[in-house]
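I opened this entry to look up the sheet, the helix across it and the charged pairs. My notes follow.

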Amino acid sequence: MSEKTLFEKIAAREIPATIVHEDEHCMAIKDISPQAPVHILVFPKKRISRVGQASEADAPLLGHLLLSAANIAREQKLGDGFRLVINNGPHGGETVPHLHVHLLGGRQLGWPPG
Ligand code: AMP
């Protein structure tokens, strides 16, 4: 298998991160360059490069990522609202090729996104 992704290295504690949630299937960390007062990345421990490359067999895992993000939003007291974002590919703004859900909140977010 090719070299570990950034998030695999974080999950293996080879690179430090502020971990806000971890379970058997996923991990959530604070984004190193936060774009909102709360900016957390939720990613699967299994390597999936991007949502566009997920398979039907990944459906439970994808659901688990969304539900974990919603639970973390509750823990972070984002009752006024929050946004989940998945960037896919160059035009989507993806920079880390390991699927992750951005959880953003703590301020009024604009629409449309850039
Ligand atoms: P994306 O651009 O959607 O692929 O998101 C990648 C995110 O990972 C960006 O928001 C980065 O700020 C964040 N990031 C990059 N390196 C780290 C790191 N070492 N720890 C935490 N977040 C990171």
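I count a contact when heavy atoms lie within 4.5 Å. The model is predicted.

**Sheet and helix.** With that contact rule I looked at helix 2, residues 59-75. Helix 2 lies across strand 1, strand 2 (26-30), strand 3 (38-44), strand 4 and strand 5. It runs at about 155° to strand 3. I then traced the sheet: it is open, with five strands in the order 1-2-3-5-4 and antiparallel pairing. Strand 1 (19-22) and strand 4 (82-85) are the edges, each pairing on one side only. Neighbouring strands are turned by 20° against each other on average, direction ignored.

**Strand 4.** I checked its pairing with strand 5 (residues 101-105) and found four bridges, in the antiparallel sense. Arginine 83 has leucine 104 in strand 5 as its bridge partner. Phenylalanine 82 also sits in strand 4. I noted its relative accessible area as 36%, so it is partly exposed. Phe82 joins Leu66 and Leu84 in a nonpolar surface patch, with about 240 Å² of accessible area together.

**Salt bridges.** I found seven in the structure. Glutamate 22 meets arginine 13 at 2.7 Å, N to O. Lysine 45 also bridges to glutamate 22, with the closest N and O atoms 2.8 Å apart. Lysine 45 lies in the loop between strand 3 and helix 2 and glutamate 22 in strand 1, so this pair ties together parts 23 residues apart in sequence. Arg13, Glu22 and Lys45 thus belong to a salt-bridge network.

I also logged glutamate 94 with arginine 50, the closest N and O atoms being 2.8 Å apart. These two are 44 residues apart. Is glutamate 94 buried or exposed? At 16% relative accessibility, glutamate 94 counts as buried.

Methods. Residues are numbered from 1 along each chain as its sequence is written. This is a predicted model: local features need pLDDT of at least 70, side-chain atom pairs count only at pLDDT 80 or more; totals for chains, interfaces and linings use all residues. Side-chain values use heavy atoms; hydrogens and water are left out. Two strands pair if DSSP finds at least two bridges between them. Axes are lines fitted to C-alpha atoms, for helices over the stretch in contact, and angles run from 0 to 180 degrees between N-to-C directions. Patches are made of residues with over 30% relative accessible area and no salt bridge: like charges are joined within 9 Å, nonpolar side chains (Val, Leu, Ile, Met, Phe, Trp, Tyr) within 5 Å. Accessible areas come from the Shrake-Rupley method with a 1.4 Å probe; for residues, only the protein chains shown count as cover. A salt bridge is a side-chain nitrogen of Lys or Arg within 4 Å of a carboxyl oxygen of Asp or Glu. Buried means under 20% relative accessible area, exposed over 50%, partly exposed in between (1.4 Å probe, protein chains only).
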